[in-house]
Amino acid sequence: MEHRHHQRVPVDIRTFIYRRGLPIATGRMRNASPRGFFIETDYGELQAHQRVLCEMHGGGEPGVGMRRVSVRVVRRASEGVAVELDEGDGPLATAMIASVLQPAAAAEVG
C-alpha cells in the first residue's frame with residue numbers, strides 16, 4: 001500500500017542529471033508532485049540516498065528555460081529513479097513544472 005501525501009501530475013520534461021558538477025545521465029521527467037518526481041532513464045548507477053542535481057528543460061515554450069534543482073534519490077526502478085526535492089528547491093521546481101503544464105492545459109481547452 002502506497003502512502004502519498006501529494007497527487008502526481010503526468011509530465012514530459014527533458015532532464016539532465018549532474019553529480020559533482022558533471023553531467024552523468026539524461027532522462028525524461030514522467031510525473032511530478034510538490035515534493036519530487038520520477039525520472040525515466042536507462043542510467044543504472046544512481047543509488048538510494050544519493051544527492052544529485054537535476055537540470056530541467058522546458059521544451060522550448062516561450063519564457064521557459066532550464067532550471068537546476070537539488071534532489072535526493074529515494075527509489076530505483078528498472079525504468080528510472082524517484083527523487084525528492086531539497087526543501088529550498090521545491091518552489092522552483094513546482095513553478096517550472098507548472099509553466100510547462102500551462103501550454104498543454106490551454107491546448108486541451110482550446
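**Exercise 1. Judge how far the model can be read.**

Solution. The mean pLDDT of this predicted protein model is 80, and 69% of the residues reach 70 or more. Next, go through the elements: confidence is highest in strand 6 (residues 80-85), at a mean of 94, and lowest in helix 1 (residues 90-109), at 59. Then look at residues 103-110, where pLDDT stays under 50. For this stretch the model has one contact beyond four places in sequence. Where pLDDT is low, the predicted coordinates should not be read in detail.

**Exercise 2. Give the order of the secondary structure elements and describe the overall make-up of the chain.**

Solution. Count the elements: the protein has six strands and one helix. Read from the N terminus, the order is β-β-β-β-β-β-α. Of the 110 residues in the protein, 36% are buried. For the contacts, take those with a separation of 6 or more; 47% of them join residues 24 or more positions apart.

**Exercise 3. Trace the pairing of strand 5 with strand 4 and with strand 6, and place Arg72 in it.**

Solution. Begin with strand 4 (residues 51-57) and strand 5 (residues 66-77): the two run antiparallel and are joined by seven bridges. Strand 5 also pairs with strand 6, again in the antiparallel sense, over six bridges. Strand 5 and strand 6 form a hairpin, with two residues between them. Now place Arg72 of strand 5: Arg51 stands opposite Arg72, and Arg72 in turn stands opposite Glu84 in strand 6.

**Exercise 4. Which two residues touch the most other members of the largest nonpolar core, and which strands supply this core?**

Solution. The largest nonpolar core has 18 residues, and Phe37 and Val71 touch the most other members. Strand 1 (9-19), strand 2 (22-33), strand 3 (36-40), strand 4, strand 5 and strand 6 each supply at least two residues of this core. In soluble globular proteins, nonpolar side chains tend to be buried together. For Val71, set aside the neighbours within four places in sequence and list the contacts: Phe37, Gln50, Arg51, Val52, Cys54, Val83, Glu84, Leu85 and Asp86. Phe37, one of the residues on that list, is also named with Val71 as touching the most other core members.

**Exercise 5. Are Met56 and Gly36 buried or exposed?**

Solution. Met56 belongs to strand 4. Its relative accessibility is 0%, so Met56 counts as buried, the cut-off being under 20%. Along the chain Met56 is 40 residues from Phe16, yet their C-alpha atoms are separated by 6.7 Å.

Gly36 lies in strand 3. Gly36 has a relative accessibility of 8% and therefore counts as buried. Beyond the neighbours within four places in sequence, Gly36 is in contact with Val83, Glu84 and Leu85. For Gly36 and Val74, 38 residues apart along the chain, the C-alpha atoms are separated by 9.5 Å.

**Exercise 6. How many aromatic pairs does the structure hold, and which residue lies over the face of Tyr18?**

Solution. Search the rings for pairs: the structure holds zero aromatic pairs. Then turn to charges over rings. Arg68 lies over the face of Tyr18, at 3.9 Å from the ring centre.

Conventions:
Residues are numbered from 1 along each chain as its sequence is written. Side-chain values use heavy atoms; hydrogens and water are left out. pLDDT is the predictor's confidence in each residue, from 0 to 100. Helices (H or I, at least four residues) and strands (E, at least two) are DSSP runs, numbered from the N terminus. Contact means heavy atoms within 4.5 Å. Two strands pair if DSSP finds at least two bridges between them. Buried means under 20% relative accessible area, exposed over 50%, partly exposed in between (1.4 Å probe, protein chains only). A nonpolar core is a set of buried Ala, Val, Leu, Ile, Met, Phe, Trp, Tyr and Cys residues joined through side-chain atoms within 4.5 Å. Rings of Phe, Tyr and Trp (its six-membered ring) pair if their centres lie within 6.5 Å; planes under 30 degrees apart count as stacked, over 60 as edge-to-face and the rest as tilted. A charge sits over a ring if NZ of Lys or CZ of Arg is within 6 Å of the ring centre and within 35 degrees of the ring normal.
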